[in-house]
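Me: I have a model open and would like to learn how to read its features one at a time. Could you take me through a few of them?

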Amino acid sequence: MRTKGTLTSWNEERGYGFISPMSGGKQVFVHIKAFKNRSRRPELGQIVTYIISSDQQGRPCAANATLTGDKLREQDKKKTGAAFIAIAVIFFGIVGAAVLVGKLPAIILVFYLALSLITFGAYALDKSAAQKGAWRTQESTLHFLSLAGGWPGALIAQQKLRHKSKKESFRFVFWVTVALNLSGFFWLFSAKGSETLDFLLQNIQRG
């Protein structure tokens, strides 16, 4: 059963404090490790939701603690992640529709799908390597795959695998690659772009 209380004492250097239960009674000890969200530091006066547990000496303490607003932030993250995945799905829908109406050859849809799968796999391998302390995939390689057309797979991987989704410098470059790739994609609908694509496909077929 979860209980609510107010953080009435907190030692930032040692990472522990005490919670005064709203229902009254003795203060409850809480350690920084008891909080689910370690990236957010507790502050005096905050409302804490927790479960009563006990330490190795049998003394009561708080466990599985959350600060007010943590649940809302997690919900916001999930909504943002779902929105990014929707962007990738919508893009595939646009490419598919363009192929159906004859604006683009089917090879373009196959190309984006295949490269997205490869990019997703590259993210999965890189995350696995990071967890094991093994040789990592270079960020430049991940960016190149996104630029080439694998960005929908990268976007899905970032949200589903929770990999490369927080590093600001990486995400900035990633969105630049997305913008550049989309610029090239929509250029294909122009007369010059269509002519260039036809020329390339004819050369590939002859080769």
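Me: Let's start with helix packing. At what angle do helix α2 and α3 pack, and how far apart are their axes?

Reply: Happy to help, and keep in mind that this is a predicted model. For a helix pair, read the angle and the axis separation together. Helix α2 (residues 106-132) packs against α3 at about 70°, and the axes lie 7 Å apart. Angles of 65 to 115 degrees count as roughly perpendicular, so α2 is roughly perpendicular to α3.

Me: What kinds of residues make up the contact of α2 with α3?

Reply: A class count is a handy way to read a contact. Here, the residues divide into 15 nonpolar, seven polar and one charged.

Me: Now the next pair. How are α3 and α4 oriented to each other?

Reply: The reading goes by angle once more. Helix α3 (residues 139-160) and helix α4 (residues 168-187) pack at about 100°, with 9 Å between their axes. The two are therefore roughly perpendicular to each other. On the α3 side, the contact residues include Leu142, His143, Leu147, Trp151 and Leu155. From α4, Phe170, Phe174, Trp175 and Val178 are among them. By class, the contact of α3 with α4 has 13 nonpolar, seven polar and two charged residues.

Me: Let's turn to the backbone. Which residue in strand β5 should I look at, and what is its phi?

Reply: Look for a positive phi in a residue that is not a glycine. Asn64 fits, with a phi of about 50°, and it sits in strand β5 (residues 60-67). Its relative accessibility is 34%, so Asn64 counts as partly exposed.

Me: What about Arg162: where is it found?

Reply: Arg162 lies in the loop between α3 and α4. Its phi is near 55°, again a positive value in a residue other than glycine. To place a residue by exposure, compare its relative accessible area with the cut-offs: under 20% is buried and over 50% is exposed. Arg162 has 45%, so it is partly exposed.

Me: Last topic: pockets. How much space lies in the second largest pocket, and which residues are closest to its centre?

Reply: With a pocket, go from volume to lining to chemistry. The second largest pocket holds about 240 Å³ of space. It is lined by 14 residues, of which Ile108, Phe111, Tyr112, Leu188 and Leu197 are the closest to its centre. At least two lining residues come from each of α2, α4 and α5 (191-206). As for chemistry, the lining has 11 nonpolar, three polar and no charged residues.

Note on methods: Residues numbered from 1 in each chain as written. Predicted model: local features only at pLDDT ≥ 70, side-chain atom pairs only at ≥ 80, totals over all residues. Heavy atoms only, no water. Axes fitted to C-alpha atoms, helices over the stretch in contact; angles between N-to-C directions. Helix = DSSP H or I, 4+ residues; strand = E, 2+ residues; numbered from the N terminus. Parallel < 35°, antiparallel > 145°, perpendicular 65-115°, else oblique. Contact = heavy atoms within 4.5 Å. Nonpolar A, V, L, I, M, F, W, Y, C, P; charged D, E, K, R; others polar. Buried < 20%, exposed > 50% of the residue type's maximum accessible area, 1.4 Å probe, protein only. 1 Å grid on protein atoms, 1.4 Å probe; cavity = no way out; pocket = protein on both sides within 12 Å on 5 of 7 lines; lining within 4 Å. Points joined across faces, edges and corners; volume = space filled by probe spheres on them.
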